[in-house]
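User: I have a structure to go through with you. Please keep the answers short and end each on what I asked for.

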Number of protein chains: 2
Amino acid sequence: MSKDKQFVTEITPQGEDFSRWYIDVIKKAELMDYSPVRGCIVFRPEGYEIWENIQRDLDRRFKETGHRNAYFPLFIPESFFQKEKEHVEGFNPELPWVTEAAGEKLEERLAIRPTSETMFGHMYAKWIQSYRDLPVLINQWANVVRWEKRTLPFLRTSEFLWQEGHTAHETEEEARQETMQMLEIYRDFVEEFLAIPVVMGQKTPSEKFAGAVDTYSIEAMMKDGRAVQAGTSHFMGTNFAVAFDIKYLDRSNNLQFAHTTSWGVSTRLIGAMIMVHGDDRGLALPPKVAPTQVIMIPIGPPKTREQVVGRVDELYRELKQAGIRVRVDDRADVSPGWKFNEYEMRGVPLRLELGPRDMENGQVVLVSRITGEKRIVAQDRLAEEVTSMLEEIQHDMFEKAKAFREENFKSLDTLDEMKAFLEDKRGFVEAGWCGSEACERQVKEETGATSRNIPFKPTAEKSSCLVCGDKAKHTVVFARAY
Amino acid sequence: MSKDKQFVTEITPQGEDFSRWYIDVIKKAELMDYSPVRGCIVFRPEGYEIWENIQRDLDRRFKETGHRNAYFPLFIPESFFQKEKEHVEGFNPELPWVTEAAGEKLEERLAIRPTSETMFGHMYAKWIQSYRDLPVLINQWANVVRWEKRTLPFLRTSEFLWQEGHTAHETEEEARQETMQMLEIYRDFVEEFLAIPVVMGQKTPSEKFAGAVDTYSIEAMMKDGRAVQAGTSHFMGTNFAVAFDIKYLDRSNNLQFAHTTSWGVSTRLIGAMIMVHGDDRGLALPPKVAPTQVIMIPIGPPKTREQVVGRVDELYRELKQAGIRVRVDDRADVSPGWKFNEYEMRGVPLRLELGPRDMENGQVVLVSRITGEKRIVAQDRLAEEVTSMLEEIQHDMFEKAKAFREENFKSLDTLDEMKAFLEDKRGFVEAGWCGSEACERQVKEETGATSRNIPFKPTAEKSSCLVCGDKAKHTVVFARAY
C-alpha cells in the first residue's frame, strides 16, 4: 500500500496549488512534454489522441454544414499584414520571422502564420468573381504560431494546433447566420462532447478579434474559477473584403464586396477539459473524448490467472466489436491496486474488473471514475451495460461541471460586491455595464477580471453599470481568464 | 457544341507537353492554386480531400499495426542539426531560418523542420529508459519545409504535408522488421488504394536518406516514363540513437543504444496519382481516393425536369446511404454535354445519367470515366451495381497502369542500349551494376537517369555492370525522376 500512497501524493492537490496540480497531471498522464523550443510543447500520443477525437467530431459537424477543408501556406509575406490595419496591430507583437532560407537573405521577410486570415483573403479575391461562386465555405486544420511571453501547456503555447474556418457570402444576413451557426456548433460540441457548460455571448469591442465587426465566444469556467475562451466566431462585415479586394458581380451585375466570417477552436480545448473535470486523483476524461473508454483489469491469484485473462480477452473482443475504445492491462508484475490508481490518474472513465468469483457468477464489476459507483453486471449483457454506463458518466460529468459553475457564478450590482466576491472565491461575475471602455478597464485594474462576453441569456438583466452606476447598456460576464 | 470543344482544348495534350498538361489539369480541376509565397501552393478543397482520403486509409493501417500519432514542434534549434553529421549535410542547404520573433533577435536560430527526425531523437532519449519502454511506435502528420529551387505542385514544393513515423526498438532484427513492415504497408496502400503499381527495393548508398543505414523505397512510373519515389522506409541502425543518446537498460541490466527506423509518404502521392492515371481529357481518380465517386446528372427536356430531378434525389439518398461518395449536378442552365466533359476532366470515376426514358424503364445509365463503357442497370439494384462498377474501375486502373509500366520497362545490358532506349522513349531500365559510385554517376551524367532502387524482385538477375562490364553486384532500376 505504501507504493499506492506514494503514487497519489505525486500530484499536488488542487486546493494547494492549482497550477502545479495541472502541470503534475498532464506530465504524469503523459499528455505532453516540454520541448527544447521555448514555449512549444510535444503532444504525446495520449494527448494527441484527445485532439484527434476532437477533430473527428468537429470535422463531421463542419462537413455536415457544407464546409470543406483546404490547406494554405505556413508563411505569410510581410506586406500582407499591412493590408488590414487592426489586424497588423493585433498580431505584429507576436510574430516570428523567417529572414533567411537556403543560405540566402530573403527579399521580403516571411511571418509564420498566427492565423491564415490574410492568406484566405488573398486567395478568395482570386477565386470569387460572381455571386455564383458564393458562398465559399472553407476550413483549415493547421499549426499556427504566436510568440507568447508566458506559456502554459495546451492553454497558451507559442505553436498550437487549431482549425480556422473562413467563409465569404453575398449578404450581411447570410454571413451573420453563418457566424451564429458556427458558434452554436461550438457550443453544442463543447457541451455534448467535452461535457463543459459554456456561456455563449458577444465580446465587448475591446475584446473582439483584430479586424472583426463582431466577435462571439463561448466561455468555460475552470475549477479554479477562471475562464477559458473555448471558441470564437467572428462576423467580419466587409473589412477583410475591402482590405483584400474580395469582390463579386451580384445578381444585378453590380460589383460588391463580399461579407466574410471566420471561426476557430484550438488545442486549448484540451487544457480546458482537464481543468474542468480533473480532480486530486488526476485526469477525468469524458467518455466521448477519452482515448481509452474502458480499462479491463484481470484480478485474483496466480493459479486462476490464465483462465481469467482468457475470459477478459474474449470480453475485450466483444466490447471492441461494439465500437467501444477498450484496453486490457494484464501485466502480471503490477498489482491490481496500483493499476486502479494508474487508470484513475489517467482519467479512464470506466474500469472493468474480472476475478475468479466473477467468472463463476458470469458477471463483471464496472467502476465509474467520476462517482466511484460499482456496478455488478452480467457478462452476456456487457456491451449494453458498458455503453449505458458510459452515457451516464458523460451526462454526470456535464451536470457536475454545471453545478460547479452555478456555485461560482454570481449576479452582482457593484464593483465593491465584485471585489468582495472575488477575494473570497474565484468565479464568474455577471453585472451591468454602461458600455464605456473606461469602466471596463477599471474592473480589470481593480479585480484582474476582464469582460468575457455579453451573454445571450444572462441570469438577470442588470439596470445600472457596476462601476459608474449609469444606465447599463449590457449585462456582462466578467472573470479572470487564462 | 462549340462550348464543349473549347472546354477540352483548354488542356494541353500529354503528347505535346506533359508538364503543361499536368499544370493545366490540376489548375482546371481546382486541386491547387499558386500562392504568393515562392514554392508554396494552396491545396484547394478538391485537392485537399484527396489528401484526407489518403490520410484516413493510411492512418488506419498505421494504427492497426500498433502505431500512435503525436505532434512535435515546428521549430528545430540550430544545434540539433549538428548532432548527426550526414543529416546536417543532407538538409542544411534547404532550411529556412527564423532569426527574429516578437520584435527581438533570437539567441539561437530556429530552423523550420525539414523532418522532425532530430526532435523525435531528442525526446526519445528522455522517454526511453528501459527495455520495458520499447518499442516506441509514433507517427506524426505534419507540414514540413525544404526550400526548393525548382518546384512543381504536389511533387516538389517548399512546404508540403506528410507523415513521418519514427520507431525505437531493442534489437536490430526488430527494427529491420519494422522497416520492412512499413514499406510493405506503403506498397499495398499505393497499389490497392491509388491503383499505382510500384517497384519495391533498396536504395543504393548514394541515394539513401541522410543518416540512414539502409533506405528502401517504392518507385512509380509516370505517363511520361519518369519515376516518382512514392514512399521510403529507413533502417537507422543506432546512428540516431548514438547522436541523440537514446539508451535503454536491457534485460540483463546493461545500457544499450536503441535501434531506430523512420518512414514517410507525402502529398507528392497526389501528383504521382495524377501523372499515372490522367489523360488528355483531364484527371482520372481511382474510386477509392476520389472525393466524388459518382456524379449524377439528370437529363431530358424542361417539361420532365422536375420529375427526373425528384427521382435523382431519391437515388442520391440511396447511394449515400450505401456509403458511396456521390454528388448531383442538377443545374438547369448548364447542358448535360458540358457537365459530362466537366466531370470527366475532374476525374470522377462514374457518371450516372437519368432521363425520362430511363424513368419509364426503371433504369439508369452508368458510364465509366476510364473505359467509356456504358451500362444500363435497374434502379432497384443501383447500390450493388454502382459498387461493383466502382470496384471494376479501381481494378482496371491498376491493370492499365501496370500494362503501361510493362511496356516502358526494359531489362538491358549496356549503357549504350540504355541510351538508345531512353532516346527513343522514356521509361525504367533494369540493368546490372558493379556497386561503384563512379559507374552510377556515369549513368546519370550520360542519360539523366538515376538509380531508383535495387528491386527485391528484378525481372531478370543481371551478371555484369552496364557501365564497366565487371561482375554485377546488384540488379538496379534506373530512371529519370521527378
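Analyst: One definition first: two strands pair if DSSP finds at least two bridges between them. The model is predicted.

User: In chain B, which residue of β23(B) stands opposite Ser451(B)?

Analyst: Strands β22 (residues 450–455) and β23 (residues 474–479) of chain B are joined by three bridges. The two strands run antiparallel. Opposite Ser451(B) in β23(B) stands Phe478(B).

User: Which strands stand at the edges of the open sheet of 11 strands in chain B?

Analyst: The order of the sheet is β3-β7-β8-β14-β11-β10-β9-β22-β23-β21-β20 (chain B), with mixed pairing. Each edge strand has a single partner, so one of its sides is left without a neighbour in the sheet. The edge strands of chain B are β3 (68–69) and β20 (409–411).

User: What angle does helix α6 of chain B make with β8(B)?

Analyst: Helix α6 (residues 117–127) of chain B packs on this sheet. The helix touches β7 (136–145), β8 (159–169), β11 (227–237) and β14 (259–266) of chain B. Its direction and that of β8(B) make an angle of about 30°.

User: And at what angle does helix α9 of chain B run to β11(B)?

Analyst: Helix α9 covers residues 268–277 of chain B. This helix lies across β10 (214–221), β11 and β14 of chain B. To β11(B) it runs at about 145°.

User: Which contacts does Ser266(A) make beyond four places in sequence, and is the residue buried or exposed?

Analyst: Ser266(A) is found in strand β14 (residues 259–266) of chain A. Its relative accessibility is 8%, under the 20% cut-off, so Ser266(A) counts as buried. Trp51(A) is 215 residues away in sequence, yet the C-alpha atoms are 9.1 Å apart. Leaving aside neighbours within four places, the contacts of Ser266(A) are Trp51(A), Phe160(A), Leu161(A) and Trp162(A).

User: What does the UniProt record annotate over residues 38–286 of chain A?

Analyst: Over residues 38–286, chain A is 32% helix and 33% strand. The end C-alpha atoms of that stretch are 31 Å apart. The unreviewed UniProt entry annotates it as "domain: Aminoacyl-transfer RNA synthetases class-II family profile".

User: How far apart are the end C-alpha atoms of helix α10 of chain A, and what span is expected?

Analyst: Helix α10 of chain A has 20 residues, 302–321. At 1.5 Å a residue, the helix should span 28 Å. The computed distance agrees: 29 Å.

User: Which residues of α10(A) are buried, and what covers them?

Analyst: An α-helix has 3.6 residues a turn, so residues three or four places apart point the same way. The buried residues of α10(A) are Thr304(A), Val308(A), Val309(A), Val312(A), Leu315(A) and Leu319(A). Their cover includes β15 (294–298), β16 (326–328), β17 (350–354), α12 (356–361), β18 (363–368) and α13 (382–407) of chain A.

User: Which residue just after α10(A) takes a positive phi?

Analyst: The phi in question is about 85°. The residue is Gly323(A).

User: By how much are neighbouring strands of the five-strand sheet in chain A turned against each other on average?

Analyst: This open sheet has the order β16-β15-β17-β18-β19 (chain A) and mixed pairing. Strands β16 and β19 of chain A stand at its edges, each with a single partner, so one side of each has no neighbour in the sheet. With direction ignored, the average turn between neighbouring strands is 25°.

User: In β16(A), what is the bridge partner of Met296(A)?

Analyst: β15(A) and β16(A) pair over three bridges. The pairing is parallel. The partner of Met296(A) is Val328(A).

User: Which residue in the turn between β18(A) and β19(A) has a positive phi?

Analyst: Five bridges join these antiparallel strands, β18(A) and β19(A). Val367(A) stands opposite Lys374(A) in β19(A). The strands form a hairpin with five residues between them. The turn residue with a positive phi, about 80°, is Gly372(A).

User: Which residues make up the covered face of strand β19 of chain A?

Analyst: In a regular strand the side chains alternate between the two faces of the sheet. In β19 (residues 374–378) of chain A, the uncovered face holds Lys374(A), Ile376(A) and Ala378(A). The covered face holds Arg375(A) and Val377(A).

User: What kind of axis relates chain A to chain B?

Analyst: A turn of 180° and a shift of 0.0 Å along the axis lay chain A on chain B with an RMSD of 0.0 Å. That is the relation of a two-fold axis.

User: Which residue of chain A comes closest to the rotation axis?

Analyst: The copies meet through the same surface, because 100% of the interface residues of chain A are also interface residues in chain B. The closest C-alpha in chain A lies at 2.1 Å from the rotation axis. That residue is Val98(A).

Terms used: Residues are numbered from 1 along each chain as its sequence is written. Chains are lettered from A and ligands numbered from 1 in the order in which they are written. This is a predicted model: local features need pLDDT of at least 70, side-chain atom pairs count only at pLDDT 80 or more; totals for chains, interfaces and linings use all residues. Side-chain values use heavy atoms; hydrogens and water are left out. Helices (H or I, at least four residues) and strands (E, at least two) are DSSP runs, numbered from the N terminus. The expected span of a helix is 1.5 Å times one less than its number of residues. Buried means under 20% relative accessible area, exposed over 50%, partly exposed in between (1.4 Å probe, protein chains only). Contact means heavy atoms within 4.5 Å. Axes are lines fitted to C-alpha atoms, for helices over the stretch in contact, and angles run from 0 to 180 degrees between N-to-C directions. Copies are superposed by least squares on the C-alpha atoms of residues with pLDDT of at least 70 in both. UniProt positions are given in the numbering used here, feature names are shortened, and annotations may be inferred rather than shown by experiment.
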